[in-house]
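Grab a pencil and work through these exercises with the model open beside you. Each task comes with a solution that goes one step at a time.

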Amino acid sequence: MSDMINEQLSALADDELPRGEFPLLWQRVARDPELTARWARYHLVRDALRGDLPTRVAPEIGRSVTAALAGEAPVAVRIGWARRVAGPAVAAAVAAVALLTLQVEEPAGPSEALVVPVTANPQVDAGRFATASGFQWDQAQPEVQTELDRYLLNHTDDAVSTDEVTRNEAPR
Amino acid sequence: MGDQSADQALVARVQQGDRAAFDALVLKYQHRIVSLVGRYVYDRSEALDVTQEAFIKAWRAIPNFRGDSAFYTWLYRIAINTAKNHLVAQSRRPVDQGVDLEEPEQYELASRLRHGDTPERILLADEIRETVIGAIDALPDELRTAIMLRELDGMSYEDIAQTMDCPIGTVRSRIFRAREAIDEKLRPLLEE
């Protein structure tokens with residue numbers, strides 16, 4: 001059994017392990033320091049044969065990196081955090097740029113003073129976006145208008161969800 | 001691994017939060033990165049610090065690694081940039097990569113003493129290489145050929161099977177048995 005595992009590890013080092021054998025092998029490697037050490041030695045041999053070793057080899061460098069990473073947040077957690085923050089941040093930035101750009105253009109006359117944006121989401125009260133500022137989208141480019149409307153609506157949704165996330169997260 | 005390399009499989013694990021998978025990548029590339037950084041950073045202790053820093057940067061950036069390049073190519077760039085940033089911070093100029101960076105004995109000893117390394121914790125590459133080559137020389141022909149074709153020529157199992165006129169499973173087994181024999185000779189050296 002042990003030889004079979006070690007042979008799989010050897011094949012993994014060569015990128016020759018059948019894909020289906022990886023998950024089970026990895027479960028063992030991840031919790032067996034001897035298999036991890038063997039993995040390191042297989043690559044040490046390769047580096048030695050290919051002239052990739054430094055003049056002086058410090059076998060403990062891997063351990064020092066592991067120790068240094070002990071205080072780091074797990075990757076998956078950081079991905080989740082980044083996604084939660086990045087989405088609303090991008091939406092907010094785009095909406096802000098859109099608003100600033102459009103506010104430069106004053107309405108042409110009283111007859112065009114109030115245009116309610118088309119809403120993709122009927123559950124959202126579109127009127128609240130139109131009443132305060134009195135601007136209008138460029139009617140000559142309806143696709144731009146639709147996009148900008150969507151950004152505004154998405155931003156509203158994201159802003160709410162960000163608040164909820166912030167409230168629900170435990171302090172780090 | 002079919003259409004997926006070991007690195008790809010390990011990176012996917014890391015991106016799911018598996019720290020042990022990252023440790024495996026560190027163990028796989030640690031010496032190559034130390035060697036690479038050593039071309040820029042003379043001082044061994046500093047080179048080890050820069051290597052560590054490069055791996056930490058890789059850990060932090062790996063959620064954004066999308067596999068457009070090979071993992072080692074990506075890691076290589078991080079290590080080079082970290083070494084160059086270190087040199088800028090130290091107000092030193094990078095050393096030409098073509099220069100032989102072997103250091104005088106006196107520097108080696110002074111460096112060891114200065115940074116508290118003990119001889120037991122340092123292995124000379126030559127020592128390791130000699131042990132490995134000695135172990136390979138002692139192998140039966142079919143094992144020696146298989147491991148040499150794999151490690152020195154970088155041939156795939158399929159190509160080795162054709163060259164040696166045997167099934168792929170036999171190649172896998174021969175390479176493994178060769179590694180076991182080499183490992184038996186190498187382990188005591190690393191444990192000393």
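## Exercise 1: The interface

In this predicted model, 51 residues of chain A are in contact with 55 residues of chain B. Work out which elements of chain A build its side of that contact, and which of them gives the most.

**Solution.**
- Step 1: list the contributors. H1 (2-13), H2 (22-30), H3 (33-49), E1 (56-57), H4 and H5 (75-104) of chain A each bring at least two residues to the side that touches chain B.
- Step 2: pick out the top one. H3(A) gives the most, with 13 residues.
- Step 3: sort that side of chain A by class. You get 29 nonpolar, eight polar and 14 charged residues.

## Exercise 2: A helix pair across the chains

Take helix H4 (residues 61-69) of chain A and helix H3 (residues 44-61) of chain B, and describe how they meet.

**Solution.**
- Step 1: look at the axes. They come within 10 Å and cross at roughly 50 degrees.
- Step 2: name the arrangement. Because of that angle, H4(A) is oblique to H3(B).
- Step 3: add the hand. The crossing of H4(A) and H3(B) is right-handed.
- Step 4: find the residues. H4(A) puts in A:Ile61, A:Ser64, A:Val65, A:Ala68 and A:Leu69, while H3(B) answers with B:Leu48, B:Thr51, B:Gln52, B:Phe55, B:Ile56 and B:Trp59.
- Step 5: tally the classes. This contact has eight nonpolar, three polar and no charged residues.

## Exercise 3: Strands that pair between chains

In which sense do E1(A) and strand E1 (residues 123-124) of chain B pair, and over how many bridges?

**Solution.**
- Step 1: check the direction. The two strands pair in the antiparallel sense, over two bridges.
- Step 2: pin down a partner. A:Arg56 has B:Leu124 of E1(B) as its bridge partner.

## Exercise 4: Two helix pairs inside chain B

Work out the geometry and the residue classes for H2(B) with H4(B), then for H7(B) with H9(B).

**Solution.**
- Step 1: start with H2 (residues 19-38) and H4 (residues 71-89) of chain B. Their axes come within 10 Å and cross at roughly 40 degrees, so H2(B) is oblique to H4(B).
- Step 2: get the hand. H2(B) passes H4(B) in a right-handed crossing.
- Step 3: see who meets whom. B:Leu25, B:Tyr29, B:Ile33, B:Leu36 and B:Val37 of H2(B) meet B:Phe71, B:Tyr72, B:Leu75, B:Tyr76, B:Ala79 and B:Ala83 of H4(B). By class, that contact has 11 nonpolar, no polar and no charged residues.
- Step 4: move on to H7 (residues 141-151) and H9 (residues 168-191) of chain B. Here the axes come within 8 Å and cross at roughly 95 degrees, so H7(B) is roughly perpendicular to H9(B).
- Step 5: sort this contact. Among its residues are B:Glu142 and B:Arg150 of H7(B) and B:Arg174 and B:Arg177 of H9(B). The class count is six nonpolar, no polar and six charged.

## Exercise 5: Confidence

Find out how confident the predictor is in each chain, and where the pLDDT drops below 50.

**Solution.**
- Step 1: take chain A. Its mean pLDDT is 68, and 45% of its residues reach 70 or more.
- Step 2: locate its weak stretches. The pLDDT is below 50 over residues 108-137 of chain A, a stretch with 40 contacts beyond near neighbours in sequence. It is also below 50 over residues 156-172 of chain A, with seven such contacts.
- Step 3: take chain B. The mean pLDDT is 86, and 82% of its residues reach 70 or more. Over residues 98-120 of chain B, though, pLDDT stays under 50.
- Step 4: read the overall scores. The model has ipTM 0.84 and pTM 0.68.

Key: Residues numbered from 1 in each chain as written. Chains lettered and ligands numbered in written order. Predicted model: local features only at pLDDT ≥ 70, side-chain atom pairs only at ≥ 80, totals over all residues. pLDDT = per-residue confidence, 0-100. Contact = placed C-beta atoms within 7 Å. Axes fitted to C-alpha atoms, helices over the stretch in contact; angles between N-to-C directions. Helix = DSSP H or I, 4+ residues; strand = E, 2+ residues; numbered from the N terminus. Parallel < 35°, antiparallel > 145°, perpendicular 65-115°, else oblique. Left-handed = near helix turned anticlockwise from the far one by under 90°. Nonpolar A, V, L, I, M, F, W, Y, C, P; charged D, E, K, R; others polar. Pairing = 2+ DSSP bridges.
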